[in-house]
Amino acid sequence: MNTSRKITENLFWVGTNDRNLNRFEHIMPIPDGVSYNSYLLLDEKTVLFDTMDASFIDIFLENIEATLNGRNLDYTIIQHVEPDHVAALPLLLQLHPETTLVCTDKALQIIGQFFPTLDFSKNTKAIITVKDGDTLETGKHHFTFITAPMVHWPEVIVTYESTEKILFSADAFGTFGALHGPLFADQYDFELQYLDEARRYYSNIVGKYGLHVQNLLKKAESADIRMICSLHGPIWRQNLSYILDKYQKWSSYTAEREGVLIVYATMYGHTESVVNLVAGKIADSGVTDISLCNLSKTDYSYAISEAFKYKNIILAAPTYNAGLNPLMENFLNELKNHNLQNRNFAIIENGSWAPTSGKIMLNILEQTKNNSISGKILTVKSALRDEQQADVDEFVHSIINH
Ligand code: FEO
């Protein structure tokens, strides 16, 4: 069944929504699903932007055929070759060998790696490999290709169309969360319905490559952009400065909130008791913007996202096998891998006979860039003792007065 949707007079959404996949990239939970967006322009020439995930090839091809309505597919622009967007390419090319494939050299190389039996010479009219600033005319529409390496893979391009002033942004400005009917961000309460998932998507998917996202934002600065069509989530056509500002903050590792995030792991609740005590004392001091994330229950990707949001981060974890609780170790290694910077950390460790988790947390943090550590490690031996109240007060004072 044709499920394509009209965006503007000549532009159509031919994507799908996935509410069945449990984990994006089989790593991050996506309880609200995800959309795989693909766009088809009907100009004097027809132009497709990206293909589809393997799970939805049939419906995608139906959307293409219904929208083309008997016309040839003149150009297929591949902006990003991660399989959630490129899996349908071999079947598409079988159906439309008249198409000219447009992508970067790097994209062509990686497509060849994913599909070693794909014979481009049989299944395409031509291949155009593009570089930064190259252009394409399709009638009334004029496209400029902008290379965006590492947003999210090295082959990525985004594409600016100057007649309707649309930025086809590949993964950039995307979000987790399937579309619930409306196509446009202004038809939702974005802050309520998508912002947390947009941040979790950004921080976990492209958070590591802030510098590359900053480069893309600089390149896009001079363009008059009226619409952003990402490969995931709703299309932006109003209040674009809202999402651009979020990307500016996230990619420069600037905290959105000055409050306190407490990320913790707990085995029998003793570490969690200390966290509750600390959170209460922080609140009593007047700082009430506090977020708690229990790694023993919550997937690390949510904690990464919260860490991109908050300026001050308290880490609390038990010692385990003479090392660090593995949930906290994974989280901290991911935080390091995601390049989070400009944060102020404080550490609480627990250990019943030889507490070592604090030293290991400190060691991982010391391998990160531009982060500071407040005060001394607060050490708990099994459970907090009453006589440690002064130590807790000092610990809280150090983080809120940083
Ligand atoms: Fe939506 Fe990097 O793929």
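## A tour from C103 outward

Start by selecting C103: this cysteine is buried, with a relative accessible area of 0%. The model on screen is predicted. Next select C293, which also counts as buried, at 5% relative accessibility. How many disulfides does the structure hold? The number is zero.

**The whole chain**

Zoom out to the full protein chain. Its 402 residues include 56% that count as buried, and its C-alpha atoms fill a box of roughly 80 × 40 × 35 Å along the principal axes. Colour by secondary structure to show 14 helices and 23 strands. Among contacts between residues at least 6 apart in sequence, 74% join residues at least 24 apart.

**The seven-stranded sheet**

Select the strands of the open sheet in the order β1-β2-β7-β8-β9-β10-β11; the pairing is mixed. Which strands form the edges? They are β1 (5-6) and β11 (126-129), each of which pairs on one side only. Strands of a sheet pair through backbone hydrogen bonds, either parallel or antiparallel.

Within this sheet, pick β7 (residues 39-42) and β8 (residues 46-49). They run antiparallel and are joined by four bridges. To see one of the bridges, show Y39 together with its partner in β8, F49.

Now add helix α1 (residues 57-68). α1 packs on the sheet and touches β2 (11-13), β7 and β8. The direction of α1 makes about 10 degrees with that of β7. For another helix, select α4 (residues 105-114), which lies across β10 (100-103) and β11. In this case the helix runs at about 110 degrees to β10.

**Strand β14 and its partners**

Move to β14 (157-161). Five of its five residues are buried, so the strand is largely enclosed by the rest of the structure. Show the side chains: I157, T159 and E161 point one way, V158 and Y160 the other way, and all are buried.

β14 has a partner in β13 (142-147), to which it is joined by five bridges in the antiparallel sense. Select T147 and find I157 of β14 opposite. Another partner is β15 (residues 166-168), antiparallel to β14 and joined by three bridges. Here Y160 has L167 as its bridge partner in β15.

The hairpin of β14 and β15 has four residues between the strands, and K165 takes a positive phi near 60 degrees there. Most residues other than glycine have a negative phi. Continue to A170, in the loop between β15 and α6 (190-193). A170 also has a positive phi, near 55 degrees, and is not a glycine. Is A170 buried or exposed? A170 is buried, with a relative accessible area of 0%.

**Helix α8**

Select α8 (residues 210-221). The helix has 12 residues and reaches 16 Å from its first C-alpha to its last, close to the 16 Å expected at 1.5 Å a residue. Colour G210, V213, Q214, L216, L217 and A220, which are buried. Look down the axis of α8: the buried residues fall within an arc of 160 degrees, so they line one face of the helix. Turn to the other side to find L211 and K218, which are exposed.

What covers the buried residues of α8? The cover includes β13 and β14, visited above, along with the helices α7 (195-206) and α9 (240-251).

**Strand β17 and its neighbours**

Select β17 (residues 257-264), where six of the eight residues are buried and the strand is mostly covered. Add β18 (residues 290-294), which runs parallel to β17 and is joined to it by five bridges. V260 can be shown with its bridge partner in β18, I290. C293, selected at the start, is buried at 5% relative accessibility.

Then add β19 (residues 310-320), which pairs with β17 in the parallel sense over six bridges. I262 has its bridge partner in β19 at I314.

**Last stop: N321**

Follow the chain to N321, in the loop between β19 and β20 (323-324). N321 has a positive phi of about 50 degrees although it is not a glycine. N321 counts as exposed, at 73% relative accessibility, whereas A170 is buried at 0%.

Technical notes
Residues numbered from 1 in each chain as written. Predicted model: local features only at pLDDT ≥ 70, side-chain atom pairs only at ≥ 80, totals over all residues. Heavy atoms only, no water. Helix = DSSP H or I, 4+ residues; strand = E, 2+ residues; numbered from the N terminus. Expected span 1.5 Å × (residues − 1). Buried < 20%, exposed > 50% of the residue type's maximum accessible area, 1.4 Å probe, protein only. Arc of directions from axis to C-beta. Contact = heavy atoms within 4.5 Å. Pairing = 2+ DSSP bridges. Axes fitted to C-alpha atoms, helices over the stretch in contact; angles between N-to-C directions. Disulfide = S-S within 2.5 Å.
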